[in-house]
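Colleague: Could you take a close look at the salt bridges in this model, and then at the helix packing around them? I would like one connected account rather than a list.

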Amino acid sequence: MPLPSDNKELLRELKERLAIWVDLNQVRGLLEWDQQTYMPLGAAAARGQQSATLSALAHEHLTHERVGELLAALDDAEADSAAGLDPVEQALVRVARRHHDQAVKLPESFVREWATVTAEAQQVWVQAREDDDFASFQPKLEKIVSLARQQADYLGHSGHPYDALLDLYEPGTTTAEIRELFGPLRDETVALVDRIAAKQDKLSDEVVRRDYPELLQEQFGREVASQFGFDFQRGRLDQAVHPFAISLDTSDVRITTRYQRNHLNAAVFGIFHEAGHGMYEQGIDPQLDRTPLSGGVSLGVHESQSRLWENLVGRSRPFWQGAYPRLVELFSEPLAGVTLDRFYEAINTVEPSLIRVEADEVTYNLHIMIRFELELALIDGSLAVADLPAAWNEKYRDYLGITPPNDTLGCLQDVHWSAGLIGYFPTYALGNLISVQLFEAARAAHPQLEDQIRTGDFTDLLGWLRSNVHRHGSVHEPNDLLQLATGSKLDARPYIDYLTSKFSALYGLE
Ligand code: ZN
């Protein structure tokens, strides 16, 4: 079929083809959501085949020769000032090309091997973690590291091979930039953790570890998520063992959580967190639906949205000044006689711990930086997989002052490496940094923001995020989006200052 000569026609055909690719991915997403929420266990094998079929179909559509031809023709046209594409259309071509190029650069044989190895590795990892047996996982991880290096070579990179892996999750950010951000962040966080450790007994989280009936946790979580602005007409909340958020369209965004009867934090802050991810997806311009621009722009920006609602709003004093009476109303027994101050201290207790997903705001980034440093060393070959447990434990000792008693509580705790997700971890810390940069920009635009949060009015905050972040979907590159929204580039300083000021006050540090 000859190519249309008109750019608008080229684009129209490209969009039609990519809409099918988006549909297939979202249907696969629905299967995944079901798998993690309601699917009977016995369906695992059948579901695996169904998902694999949809993945293969989606891959075929994305890498179709015609898509390559259309992109090439639009490429030629783009250089022409009379290309006639508006900025959103140009972004669509750019993002489509990135997905297409990434997909065609990986040979089919590699993709198949990667899928097989990671599927097996995850099963082996589950057992290894249960048995505290790193040795049984070691050969699988060695294979994954070697495949990840190969993947980086296929994708291409000019600096560190890790750049190519990072780019899959955080387009446009390099290993060198992460190192530069993490250097001062690590040193100052370690120093802050030391100062807090000297006053360890000042705060206690005992009150959030009492008996909190799950149904009431859910009720409170739903009320707050609605108040924040999560739209239950276009979204759902369900239970999952490993909580996540997933968008099937801007009109259908699913979030999940898990309830722990003896610990209020998991579900309450978990729902705030996932609602933040969900509101991002719900706020994307529906005009971008069924294009490669639908969906959050990067994992770091996504995590900034969840952490902003979880921590900057949800763990702040103004928020609880408004919300605490309702919490006490629902949980009159466990919270009998507990003052707002004591509750605020309980949800902000800092304690170096072994498990990343349970970490507090101060120590969380240290867990991430440890993983980043180890991943780099694994990828550049300076650390052998066999030496990973020892290297892991040494870093926990150095940065957090604690030593894992075994590998289950150490280097076997996260699913990421067994799933082949190398280059993913840094985005969690980037999300924390970006959350403070965005929150400060929103506060500069709305000086009454904290008073509004105190009265349970989140309209201006959500409105600011909607217009500066959400609605753009993936139109702007992550770094450009941040620059447009805040006037600054990615910077660790605001986050360090935020932590220092908040926790100095809480712990009475000079
Ligand atoms: Zn998240």
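**Salt bridges and helix contacts**

Modeller: In this predicted model, the side chains of D23 and R290 meet in a salt bridge, with an N to O distance of 2.6 Å. This pair links distant parts of the chain, since D23 belongs to helix α1 (residues 7-37) while R290 sits in the loop between α10 (264-282) and α11 (299-313), 267 residues apart. D23 is partly exposed, because its relative accessible area is 28% and the partly exposed class runs between 20% and 50%. R290 falls into the partly exposed class as well, at 41% relative accessibility.

Helix α1 also contributes D34, whose side chain meets that of R47 in a salt bridge at 2.7 Å, N to O. D34 lies in helix α1 and R47 in helix α2 (residues 44-63), so this pair ties together parts that are 13 residues apart in sequence. R47 counts as buried, because its relative accessibility of 12% is under the 20% cut-off.

A further salt bridge joins the side chains of E120 and K140, at 3.0 Å from N to O. Here the distant parts of the chain that are linked are helix α5 (residues 108-131), which holds E120, and helix α6, which holds K140, with the two positions 20 residues apart in numbering. E120 is partly exposed, with a relative accessible area of 37%, and K140, at 24% relative accessibility, counts as partly exposed too. Beyond such pairs, E13, R17, R66 and E69 are joined into one network by salt bridges that share partners. The structure as a whole holds 39 salt bridges.

Helix α6, the home of K140, leads on to the packing of helices. The axes of α6 (residues 134-155) and α7 (residues 161-169) come within 8 Å and cross at roughly 85°. That angle makes α6 roughly perpendicular to α7, because it lies in the range of 65 to 115 degrees. On the α6 side the contact is made by A148, Q151, A152 and L155, and on the α7 side by P161, A164, L165 and L168. By residue class, this contact divides into seven nonpolar residues, one polar and no charged.

Helix α6 is also among the elements that cover the buried residues of α15, a cover that includes α8 (175-197) and α14 (361-380). Helix α15 (residues 388-400) has 13 residues and reaches 17 Å from its first C-alpha to its last, close to the 18 Å expected at 1.5 Å a residue. Its buried residues are L388, P389, A391, W392, N393, Y396, Y399 and L400. After α15 comes G401, whose phi is positive, near 75°.

For a contrast with the buried residues of α15, consider E510, which lies in the segment after α20 (493-507). E510 is exposed, because its relative accessible area is 82% and the exposed class begins over 50%. Leaving aside residues up to four places away in sequence, E510 touches R195 and K199. The C-alpha atoms of E510 and A135 are separated by 46 Å, and these two residues are 375 apart along the chain.

How values were computed: Residues are numbered from 1 along each chain as its sequence is written. This is a predicted model: local features need pLDDT of at least 70, side-chain atom pairs count only at pLDDT 80 or more; totals for chains, interfaces and linings use all residues. Side-chain values use heavy atoms; hydrogens and water are left out. Axes are lines fitted to C-alpha atoms, for helices over the stretch in contact, and angles run from 0 to 180 degrees between N-to-C directions. Helices (H or I, at least four residues) and strands (E, at least two) are DSSP runs, numbered from the N terminus. Angles under 35 degrees count as roughly parallel, over 145 as roughly antiparallel, 65 to 115 as roughly perpendicular and the rest as oblique. Contact means heavy atoms within 4.5 Å. Ala, Val, Leu, Ile, Met, Phe, Trp, Tyr, Cys and Pro count as nonpolar, Asp, Glu, Lys and Arg as charged, and the others, Gly among them, as polar. The expected span of a helix is 1.5 Å times one less than its number of residues. Buried means under 20% relative accessible area, exposed over 50%, partly exposed in between (1.4 Å probe, protein chains only). A salt bridge is a side-chain nitrogen of Lys or Arg within 4 Å of a carboxyl oxygen of Asp or Glu.
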